[in-house]
Amino acid sequence: MSATADHADGKSGGPNMASRLGLEAGWVVQEIGYDDDCDDDLRDAIREVTGEAFVGEDTDEVVDAVLLWFREDDGDLVDAFFDILTDLKAGGVVWLMTPKVGRDGYVETSDITEAAPVAGLATTSTLSVTGDWSATKLVVPKSGRRG
């Protein structure tokens, strides 16, 4: 769970980083929490990999992945997790994007690891995706899926 060498220079994530998120062509990605501080290069790269526009919070679609931009002052993380599970398909993934240590809005790792299981999610990995943002992958454990 460390920074990758190809992004240690603080540059934005490109198509390579978007691919490392495990997203695939044709996937529907719901984006939540977008603001001016989000990394537009990474967002563009994700859309390039999937070939799809992001859907918003008000979608009626079932989504393959959720891109959740979250900062310390954005409210309750558990509530945010519960909200995103409504549209996520079985086997889908959540990429929680949080500011890195020392950046405005930094979210403590312990807050993520405590909130995830309350919402029925498990953290699997963390990547350094840009100079300012870390990405934590969360999934619904197979034993926790509703059938």
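**Exercise 1. Determine how many bridges join β4 to strand β5 (residues 133-139), and in which direction the two strands run.**

Solution. Six bridges join the two strands, which run antiparallel. Here strands (E, at least two residues) and helices (H or I, at least four) are DSSP runs, numbered from the N terminus, and two strands pair if DSSP finds at least two bridges between them. Within this pair, A122 stands opposite V139 of β5.

The model is predicted: local features need pLDDT of at least 70 and side-chain atom pairs count only at pLDDT 80 or more, while totals for chains, interfaces and linings use all residues. Residues are numbered from 1 along each chain as its sequence is written, and side-chain values use heavy atoms, with hydrogens and water left out.

**Exercise 2. Establish the strand order of the sheet and explain why β1 (29-32) and β4 (122-128) each have one side without a neighbour.**

Solution. Step one: the five strands form an open sheet in the order β1-β2-β3-β5-β4, with mixed pairing. Step two: β1 and β4 stand at the edges and have a single partner strand each, so one side of each is left without a neighbour in the sheet. Step three: the twist from one strand to the next averages 20°.

**Exercise 3. Identify the elements that give two or more residues to the largest nonpolar core.**

Solution. A nonpolar core is a set of buried Ala, Val, Leu, Ile, Met, Phe, Trp, Tyr and Cys residues joined through side-chain atoms within 4.5 Å; buried means under 20% relative accessible area (1.4 Å probe, protein chains only). The largest such core has 24 residues, and V66, L68, F81, L96 and L121 have the most contacts inside it. The contributing elements are β2 (63-69), α3 (77-85), β3 (88-99) and α4 (109-118). The largest share, six residues, comes from α3. A second, separate core of 23 residues includes M17, C38, A45 and W133.

**Exercise 4. Characterise the surroundings of V93, in strand β3.**

Solution. First, V93 is buried, with a relative accessible area of 8%. Next, its contacts (heavy atoms within 4.5 Å), leaving aside neighbours within four places in sequence, are W27, D64, A65, V66, L88, K137, L138 and V139. Finally, the C-alpha atoms of V93 and V140, 47 residues apart along the chain, are separated by 7.8 Å.

How values were computed
Buried < 20%, exposed > 50% of the residue type's maximum accessible area, 1.4 Å probe, protein only. Axes fitted to C-alpha atoms, helices over the stretch in contact; angles between N-to-C directions.
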